[in-house]
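Hello,

Here is the structure I promised to pass on to you. Have a look at it first, and then read on for what I found.

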Amino acid sequence: MTTSLPVNTSLPMNTLPMNTPAVLRAQIEARIPAAFATTKRPQYKFIPTGVEQIDCLTGGIPLGALTEICGSQVAYSGKTSVLLSLLAQATREGRFCALVDGGDAFDPVSGQAAGVGFSHLLWVRCGKTRQKLKPLEQAFKVADILMQSAGFGLVVVDVSNFPEPFVRRVPLTTWFRFSRVVEKQPTALVFIECKPHATSCAGLVLLVKSRPPVWTGNLLTQCNVEVEVVRAYEKKPAHSVRPSFSLNAQWA
Amino acid sequence: MFACLHVPDFSVQAAFRCEPQSRRELLNQSSAVILDGPPTLLRVIAANRPARRAGIEIGMTKLQAETCGVVVARKRDVQNEDAAQAALLDCARAFSPLVESTAPGTVILDLEGTAKLFGSPQRTASRIARKSREFGFDLNVAGASNPDTALCAARGWDGITVIAAGEEAHRLARLPLHVLSPSAEILDTLEGWGIRNLGSLAALPPIAIVERLGQEGLLLQKRARGKTVRTFIPAEPVQDFVETFEFDDPVETLESLAFVLNRVLQQLCARLTSRALATNELRLRLELESRQLRIETAKEVYERDWRLPLPTADAKVLMRLIRLDLDSCIFSAPIKKVTMQALPTKLRPSQFGLFLPASPQAEQLEVTLARIRGVVGSVDENGVACIGFPKVLDSYKPDSFAVRSFSTEKSKPGNCDPATPAIAMRMFRPALETSVEIVNQKPRSVTLGKRPLRVLAASGPWSSSGHWWKRPSAWARDEWDVALKTPDGIGLYRIYLDRIRRQWFVEGVFD
């Protein structure tokens, strides 16, 4: 939605001095009508993540925006648990989801336990065959194809298996292109990474960290996860607001 | 009311039917002939009007024909003519279910009761002529109250002709005798009598004709008067949707091939659409040019089947699927002939929900999946598909899953309630080989990335085994869930000892 800023057009053009800002502006607008137009960001719709604490804080994952969920690659963070919960919620709503699995790390058993509707999930396993492109490039290329095809309610690109320096080398223009493509579609584009890379192109950035897990006797039974909103589509919550929640083991 | 569709110079038009519109028009304006016979003695069996004007006659040799000016010559392809006749029938079936295959290049259809649907006979004939151009024909259409009059009119006049009931004899009077297709003997006799047109034949006394020419002569006279009554024999609709195209010069580039494939697909889809059908299986056969040095490869062909989860008659979607597949093909020789077959099926009924979330369009999704397959590949080294929806297999073996083909049509909205978020696992495929230090029958350190990491807590061993009766696929393992001290914090990993190979592996990480 675009609106033009007010311009004083009470005086005819030839009566204005040549160097006034109004003249310059009028001349520019005559050639480029949208030069001084401001774009209003549309109101987002959300897909709930299924984690109450995150939904209360952010409203869920925004449609028409790029979201990053970040967590450590080697230490426990809980990012995959949040992802599976999100997929379960989205498939339950009847949305078709796509999971671009850069490192072929998705565990269908965990997905089934989380309640993901597999019939609504397109799973793309990258790097399993010898192709011209490397697995990381494949993941981005597939994401591009999926965004062009439209119709998917949620597209998740999991690149958290790749070393962080590799993902850092992805040009900023790529992230910018994704953010511009997704903003015109009723699709949530989610990247699972070790660290945020999309900078201002992301509408929402969540950083998930873990606290020490709980062992009951000889069994791992519970993990506690803390969420920080690094970047939000509107006013960012206070830095000190870091809700935490518990995740139980499937066998607990 | 009957309508007759007559394709003048059918063999020539059948040969050029799969050419693009602009080239077809160009060929219709220039001399074109069809040759047949042994390769050393090819003779002209059909010629178009410009060729006849240039002096080319049926029976001339190729050399004789070429002396009459610039001539486009093609060898006769019976398969192609059959396909053209089937296409002509399909074109007619778009207007009436009762269609008679009268002769090659000529069909008659019964239009009784279609006036409310298509309008007056004149308007129906115009529609038929327009529709026929989609099928690559430039034909004559004639409407009359009986099939034989319609047939004579279509053979006699170019374009659209409609003869009202009662005017048959009057309208047919000026047509030449050959529109009746008499035998050569009778035609000679009639010409000897000075009979040149149907009006002269119709004026002769019937008894005298029977005395001199027999029953055949009488039948010809009845046709000339437009008063024949015969049984209309509708043709059975064939389910064979095949189109072929043979290149004059074998092609080497994909662009040239795609150009023809597109045209062939358009023909097939037009035929399917006219019969309210679609296809869910497409078969392509490319015959490659035989190389003289290798006689054993004389029949070198490339064959490919595409099975679609949903029936479609959209030529653009099918073309993109074929193009994506052919992009990755390398042919050993230039392509000589293209044969494409579409297996017909009923159109897909679909019901959309007003309040359902948007979903990918089924036809578009197939193209998207084909493009993704081009990027990530089709199947991995274990034969599991790289793209589709996951399915957990009913097996005790860990990480047993299958990937099924994804479709928006088969899938139903998820009824299962999402469970409470739980600890999930990320797999390493294949599992990472590692070394584990065991102290007091418990892991003390695990090597990850050439770095030993101290075990803070361990849960196990959880023993399992299976397939012990099939030695190559037998498995036996002792699993441990371990908490490792990593530089980023505590990492929770699943490791296992393969009891058959006596080797430790890291199966995945909890996340």
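**A hairpin, an interface and two cores**

Let me start with a small detail: the hairpin of E16(B) and E17(B) has 2 residues between its strands, and Asn440(B) there takes a positive phi near 55°. Please keep in mind that this is a predicted model. The two strands of the hairpin, E16 (residues 436-439) and E17 (residues 442-448) of chain B, are antiparallel and share 4 bridges. One pairing to look for is Val439(B), whose bridge partner in E17(B) is Lys442(B).

Next, the contact between the chains. Chain A contributes 68 residues to it and chain B contributes 54. On the chain B side, the elements giving two or more residues are helix H15 (362-376) and the strands E13 (387-392), E14 (401-404), E15 (425-434), E18 (451-466), E19 (475-486), E20 (489-498) and E21 (503-510). Sorted by class, that side of chain B has 30 nonpolar, 14 polar and 10 charged residues.

Strand pairing also crosses from one chain to the other. Strand E7 (residues 121-125) of chain A runs antiparallel to E13(B), and 2 bridges join them. If you want a place to zoom in, Trp123(A) has Gly388(B) as its bridge partner in E13(B).

Which residues have the most contacts inside the largest nonpolar core? They are Cys97(A), Ala98(A), Val100(A), Val124(A), Val142(A), Val155(A) and Val156(A), in a core of 101 residues. Apart from that core lies another one, of 63 residues, with Cys4(B), Leu88(B), Val141(B) and Leu220(B) among them.

Val124(A) deserves its own view. Leaving aside residues up to four places away in sequence, Val124(A) touches Ala98(A), Leu99(A), Val100(A), Asp101(A) and Val142(A) in chain A, as well as Ile372(B), Val376(B) and Ile387(B) in chain B.

Finally, the domains of chain B. There are three: domain 1 (2-165), domain 2 (246-346) and domain 3 (425-510). Taken over C-alpha atoms, the centres of domain 1 and domain 2 of chain B are 25 Å apart. Where these two meet, 11 residues of domain 1 of chain B contact 9 residues of domain 2 of chain B. On the domain 1 side, helix H5 (residues 78-93) of chain B gives the most, with 4 residues. By class, that side of domain 1 of chain B has 6 nonpolar, 1 polar and 4 charged residues.

Happy browsing, and best wishes!

Terms used: Residues numbered from 1 in each chain as written. Chains lettered and ligands numbered in written order. Predicted model: local features only at pLDDT ≥ 70, side-chain atom pairs only at ≥ 80, totals over all residues. Contact = placed C-beta atoms within 7 Å. Nonpolar A, V, L, I, M, F, W, Y, C, P; charged D, E, K, R; others polar. Pairing = 2+ DSSP bridges. Core = buried A, V, L, I, M, F, W, Y, C linked by C-beta atoms within 7 Å. Buried ≥ 20, exposed ≤ 12 C-beta atoms within 10 Å, placed from the backbone. Domains from an automatic or database assignment.
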